[in-house]
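Visitor: I am new to this model and would love a close look at a single part of it. Could you pick one and show me what surrounds it?

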Amino acid sequence: MEKQLVRLNVNEQDYDIYINPKTLLVEAIRDYIELTGTKRGCDTVSCGACTVIVDGMAVKGCSVLAIQAEGARILTSEGLEKNGKLHAIQKAFLDEGAFQCGFCTSGMLMSSVAFLNESKNPTEKEIRDGIEGNICRCTGYNSIVRAIDSVAKGKYTEDKA
Amino acid sequence: MNKYTVINPHEPFRVINTHVHNVDGWAKITGRATYTFDVKLPGMLYGKILRSPHPHANIKGIDASKALELDGVKAVVTGKDTLGVKQGIWRRYKDLCDEQILPVDKVRYIGEPVAAVAAITEEIAEKALDLIEVDYEVLPAVFEPLDAIKKGAPEIHDGFERNISVTRHIEWGEVEEGFEESEYIREDWFRCGGQAHMCMETRCAVSSYTPDKKLTIYSSNQSPYYMQGLMAGVLGMREGDIRVLSPYVGGGFGGKFELDGAIFCSAILSMKLYKPVKIVYTREEDFIASKRRTPMFYYTRTGVKKDGTFCAREAKVFTNGGAYTGMGATALYLTGFFHSFPYIWKGYRYDGYRVYTNTLPSTSMRGFGAPQAMWCSEQQIEWIAADLGLDPIEMRRKNSHKEGTILPGQATIASCGIDLCYDEITKWIKSKGKLPANRSIGISACGFMSGGIFNWFDSPYSFSSAVVTINQDGTVELHVGAQDIGQGSNTTMAIICAETLGVKVEDIKVHSGDTDNCPPDLGAWGSRQTLMSGNAVKMASENAKKQLLEFAYAQSGLNIVYDLDIKDRWVHAIARPERGEDFVQLVRKALRGKDGQKIVGRGYYTPHRKGMISPAYSYMLQGVEVEVDEETGKISLIDSMTAHDCGQPINHLGLIGQLEGAFSMAAGYGYLEYMPYEDGKLMNPNLVDYKMIRAPEMPPANIAEIDTYEPEGPYGAKEAGEGLTNPTAAAIGNALFHRFGIQMKECPVRPEMVVNALREKKEKEHAEKK
Amino acid sequence: MISDFTYLKPGSASEALEMLAEHQEDGKIICGGQSLLIIMRQGLVTPEYVIDIKRLKDLNYITFDAKDGLKMGATTTHRTIEKSALVKEKYPVLVEMEEKLASIQVRNWGTIGGNLAHADAAGDPAPVLMAMGGSVKVASASGVRVISLDEFYTDLFETAMNHDEMIVEVIVPPRPAKSATKYQKFNLLDSDQGIVAAAATITLNGGGGCIDARIALGNAASVTMRAKEAEKVLIGATLNDAVFEKAGEAAAAECQPVADIHASEEYRRHLIKVLTKRMAKAAWEQAKISG
């Protein structure tokens with residue numbers, strides 16, 4: 001088995017890393033590129049803490065080989081804020097207190113962003129289905145749903161990242 | 001979506017109970033927050049733990065030679081590499097300190113650590129585990145408490161007859177007379193399941209031991225002070241030579257203030273190698289080896305008058321304590337205490353027995369024995385109301401605690417808003433009108449503690465302490481030992497400090513989670529920090545403010561009858577608020593006045609003369625609307641309303657989050673989070689098979705917040721967020737009872753149980769017809 | 001831990017098949033990896049060569065024609081199917097099924113071919129496709145063959161494919177008039193796999209009589225199975241609640257569910273009875289109004 005040079009584009013920045021091909025995308029992001037916002041919470045593709053956005057799609061970084069993401073545009077929670085200006089969803093999360101311990105938050109934010117990019121005028125049910133793949137043990141989800149709903153309703157339109 | 005209303009709102013504060021952003025929000029929403037899970041130190045090694053496959057066995061020998069030969073492996077440690085100290089969080093009671101995290105002689109549950117490896121990569125450490133040979137002499141094991149107390153059951157700990165490790169007796173009033181007066185007596189047996197904390201961040205720690213014989217530990221835990229004290233005990237070190245850091249903690253829920261394998265084994269390895277060692281539990285390990293909520297067998301006998309007046313209750317409880325005592329001793333007491341809540345009894349008696357079994361040790365989990373107590377109590381009370389043809393809400397109301405209620409020898413209730421809770425839930429139920437045929441509503445009442453009084457940790461320190469330091473530009477350093485585990489205590493403390501000092505939350509920097517730089521505090525458990533740490537912060541802030549104002553008084557020349565205050569960074573006479581000066585100006589003057597020394601205010605709090613349990617009690621009544629598919633038994637939660645009295649809310653966003661979050665965990669306990677064991681082995685140690693509420697399952701969690709005033713709490717505040725894990729399971733059970741007339745004795749209630757109960761009922765009715 | 005492997009990235013489907021032919025059982029196809037990576041992590045599967053077909057455009061398509069029906073390339077993601085206006089129009093049950101499959105994240109990356117190849121009896125697509133008379137086109141370096149889903153599953157997590165074969169296409173025949181398929185799984189959480197599941201296709205003649213019925217059950221045996229006794233109850237019968245009830249009883253009797261911590265065998269049979277009855281009725285109701 002040989003290590004391979006893989007170029008990953010994360011948050012609009014190219015990173016060249018030298019990895020065993022079995023390295024998962026979440027491992028590449030956390031351990032090689034050292035962006036530790038994205039977390040891991042399980043081994044069965046269940047919890048969603050590792051959710052990142054790959055070419056506009058929310059995916060679980062624990063079930064994607066890093067090498068498969070070469071050539072794609074990858075977005076993590078660290079890439080939402082631009083020069084100190086928060087993304088609308090981040091503002092909404094602050095306003096609604098849509099996090100507590102924060103461990104699920106990076107993944108939850110990315111699922112929310114991907115969902116919002118694909119949905120216009122979502123119903124509450126659609127929002128809940130939209131974050132179904134992300135477990136939160138602390139909030140009971142309702143504050144997160146409120147945050148997504150407020151962004152969908154245009155409460156933060158003045159600042160689109 | 002959710003509705004939030006306030007009943008009897010207090011006068012608004014400047015900062016308290018306003019819409020304040022969580023002070024850690026920035027870090028958490030930008031991915032910048034560093035958890036123990038993320039910590040990386042130079043030269044760090046990775047540790048893995050070898051765990052016992054047997055529920056009960058003597059360790060005859062451990063051969064790690066093959067593992068040590070594996071390239072990249074640096075060390076293997078076993079119990080023989082430790083001092084063999086038996087530790088436990090009930091430090092004051094040596095007989096309850098029964099656990100060697102790395103046992104020397106014997107293993108007592110499947111998953112117990114037996115050895116630990118440090119290697120240069122996690123993968124190598126894991127491979128090394130397979131190369132460690134352990135010679136076990138397997139012993140007979142016992143898994144259920146009612147089996148473990150039988151004669152002839154395997155003895156799990158030497159000297160503990162019938163495997164009973166702790167007993168607790170609570171009694172007040174006249175129990176026998178109460179039963180004699182009763183016109184109706186009902187007795188029932190219940191079985192309460194366990195539950196996993198399922199913190200998003202699994203147990204993990206990084207330990208770094210350096211040649212100066214000092215130990216630094218990063219640990220995901222609820223009380224750095226406890227960790228420091230416990231580790232000093234097991235390592236034979238001075239507390240002051242150990243630094244515990246808990247930067248951000250990915251959830252605790254009561255499971256992270258005992259020592260665990262991650263913190264202990266990483267330290268032992270680091271002390272051997274003088275290198276940092278990191279241990280992170282996999283999710284499977286977290287399920288198998290981090291202690292769980294205590295499963296309990298409950299017998300409760302309740303006597304009432306025909307008009308619904310409560311007379312007497314006696315309860316006997318056997319808890320499945322698992323292999324070691326730990327925090328289970330507290331849960332044993334609290335379950336018995338809260339089983340009487342929130343009602344007045346002529347006589348109440350509780351006998352609890354904590355039984356050793358060869359299963360995962362049970363510990364505290366949010367609710368601390370009260371969810372189990374309410375599952376039994378609130379359902380039985382509902383059945384009694386039905387048996388007597390009484391309104392279940394009014395029957396509860398007339399027996400409930402009031403302000404001034406005395407539980408003899410236990411507690412005095414200084415604030416209680418439960419009566420208004422009954423009003424709000426009645427209103428809510430009425431507003432729902434006629435429900436669809438497949439839905440019903442169940443209710444449950446409860447009360448909970450705002451921190452515990454008993455000093456079982458034997459700490460010589462104040463239970464909470466705080467230090468407020470004012471910088472020359474008016475910014476404030478707030479040092480607390482209170483630990484933020486997601487519940488928002490950093491924010492709550494900042495709010496109390498800002499309100500008291502008269503500044504804004506953004507002026508305050510909260511320091512917590514570091515034993516080197518923060519004062520001791522018992523930490524985040526028992527819902528204690530808002531009241532206890534909050535009182536310490538209030539005292540420290542008042543102290544700093546007083547020192548500051550001395551300088552203002554001196555220069556003001558005010559008549560003795562007039563007072564100064566600070567609000568919104570403005571120092572002014574209360575009678576003439578338009579006259580005054582900027583806070584920062586005063587600070588600078590005070591600094592010069594004190595010879596260049598910053599104003600430092602100190603505060604602390606330990607409850608005194610507040611009874612046996614807690615300085616204050618929250619109260620609540622919850623209604624849950626439940627839909628059941630009668631053919632399949634599937635339960636869905638449709639709506640909920642909780643009327644809640646936590647005195648004076650402090651952290652508005654935090655409060656709502658806590659109430660909603662508690663609901664999801666409590667509901668999970670009621671109908672989803674099944675934790676089956678077979679011969680001591682957990683059958684579903686993963687998130688596919690362990691079911692938890694996700695976004696689609698969570699119903700609205702409407703809140704009616706009843707403002708009361710608790711004299712013992714900062715600004716009248718009491719606990720919120722743990723009490724709310726108590727009622728929901730019973731409320732779900734009561735909804736099922738109302739619709740179908742089935743009485744569910746076991747939780748979590750699963751669809752198959754509902755289908756079976758319905759079938760049994762049908763068969764019984766059929767048989768009775770004949 | 002995932003064991004080491006040599007990573008191969010073919011540029012086309014035929015290149016992938018050459019690699020499979022060369023490495024046989026030492027090689028494993030990876031596409032979305034949503035199931036494969038879990039079992040690799042558990043050490044259940046330790047291939048020496050992993051052949052990545054995720055980016056193969058020639059296997060990523062959805063087409064339909066009135067004669068042959070629906071054809072989906074094996075690397076089409078669940079999400080693509082879920083969002084396809086074409087699939088929604090022609091085979092709405094497929095969209096309904098995909099909407100409840102795992103999570104959006106899994107659907108974004110996981111593929112229909114990978115799902116079917118994984119051969120999980122609790123998987124969602126197989127019973128639906130089986131109830132619609134679906135089949136898979138399977139290719140090797142030496143040719144292609146089409147295998148009906150009825151024959152595709154041979155044992156627990158096993159398919160009829162040889163070591164050098166992979167799924168290249170999923171085929172669903174055109175839906176006749178007055179025919180509809182409905183699917184439901186029983187679970188505790190909204191998009192869990194089913195503790196059991198049932199898919200039913202009812203086809204009616206002009207007079208409303210049932211001329212064909214296909215019932216496929218998920219997680220009711222070691223493989224996705226047809227409930228042929230249940231079908232016999234329905235075919236040719238005048239459909240009403242009593243007949244649906246009887247069909248449910250037949251399905252409950254003929255399936256072979258295995259007890260686990262989630263449900264006993266008896267309760268699974270009970271659920272199969274209920275689901276079969278409900279889906280047969282729902283399919284009938286849909287069939288009555290469909291063209």
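Guide: Here is one part in detail, followed by its surroundings.

The model is predicted, so local features need pLDDT of at least 70 and side-chain atom pairs count only at pLDDT 80 or more, while totals for chains, interfaces and linings use all residues. Residues are numbered from 1 along each chain as its sequence is written, and chains are lettered from A and ligands numbered from 1 in the order in which they are written.

Let us start with a sheet in chain A. The sheet is open and has 5 strands in the order S2-S1-S5-S3-S4, with mixed pairing. (Strands are DSSP runs of E with at least two residues, helices are runs of H or I with at least four, and both are numbered from the N terminus; two strands pair if DSSP finds at least two bridges between them.) Strand S2 (13-19) and strand S4 (57-60) of chain A are at the edges with a single partner strand each, so each has one side without a neighbour in the sheet. Direction ignored, neighbouring strands of this sheet are turned by 40° against each other on average. (Angles run from 0 to 180 degrees between N-to-C directions, and axes are lines fitted to C-alpha atoms, for helices over the stretch in contact.)

Now zoom in on one pair within the sheet. Strand S3 (residues 51-54) and strand S5 (residues 73-75) of chain A pair in the antiparallel sense over 2 bridges. One residue to find here is A:Val54, whose bridge partner in S5(A) is A:Ile74.

Helices also meet this sheet. Helix H1 (residues 25-32) of chain A lies across strand S1 (4-10), S2 and S3 of chain A, and runs at about 100° to S2(A). Helix H3 (residues 105-118) of chain A packs on the sheet too, touching S3, S4 and S5 of chain A, and its direction makes about 35° with that of S3(A).

From here we can step out to the neighbouring chains, beginning with chain C. Chain C brings 20 residues into contact with 22 residues of chain A. (Contact means that the C-beta atoms of two residues, placed from the backbone, lie within 7 Å.) On the side of chain C that touches chain A, strand S1 (6-8), helix H2 (36-41) and helix H6 (104-109) of chain C each supply at least two residues. H6(C) gives the largest share of that side, with 5 residues. By class, the side of chain C that touches chain A has 8 nonpolar, 7 polar and 5 charged residues. (Ala, Val, Leu, Ile, Met, Phe, Trp, Tyr, Cys and Pro count as nonpolar, Asp, Glu, Lys and Arg as charged, and the others, Gly among them, as polar.)

One residue of chain C is worth finding on your screen: C:Gly33, in the loop between strand S2 (27-30) and H2 of chain C. With its neighbours within four places in sequence left aside, C:Gly33 is in contact with A:Ser63, A:Val64 and A:Leu65. C:Gly33 is buried, because 23 other C-beta atoms lie within 10 Å. (Buried needs 20 or more other C-beta atoms within 10 Å of a residue's own, exposed 12 or fewer, and partly exposed is in between, with C-beta atoms placed from the backbone.) Along the chain, C:Tyr183 is 150 residues away from C:Gly33, and their C-alpha atoms are separated by 25 Å.

Chain B is the other neighbour to visit. Here the contact takes 43 residues from chain A and 47 residues from chain B. Helix H2 (88-96), helix H4 (124-130) and helix H5 (142-152) of chain A each supply at least two residues of the side of chain A that touches chain B, and so does H3(A), the helix that packs on our sheet. H5(A) provides the largest share of this side, 4 residues. The side of chain A that touches chain B has 16 nonpolar, 17 polar and 10 charged residues.

Finally, take a look at a strand inside chain B. Strand S13 (residues 277-280) of chain B pairs in the parallel sense with strand S2 (residues 45-51) of chain B over 3 bridges, and in the antiparallel sense with strand S10 (residues 204-210) of chain B over 4 bridges. In S13(B), B:Ile279 is the bridge partner of B:Gly47, and B:Val280 is that of B:Cys204. B:Val277 and B:Ile279 point one way from the strand, B:Lys278 and B:Val280 point the other way, and all are buried.
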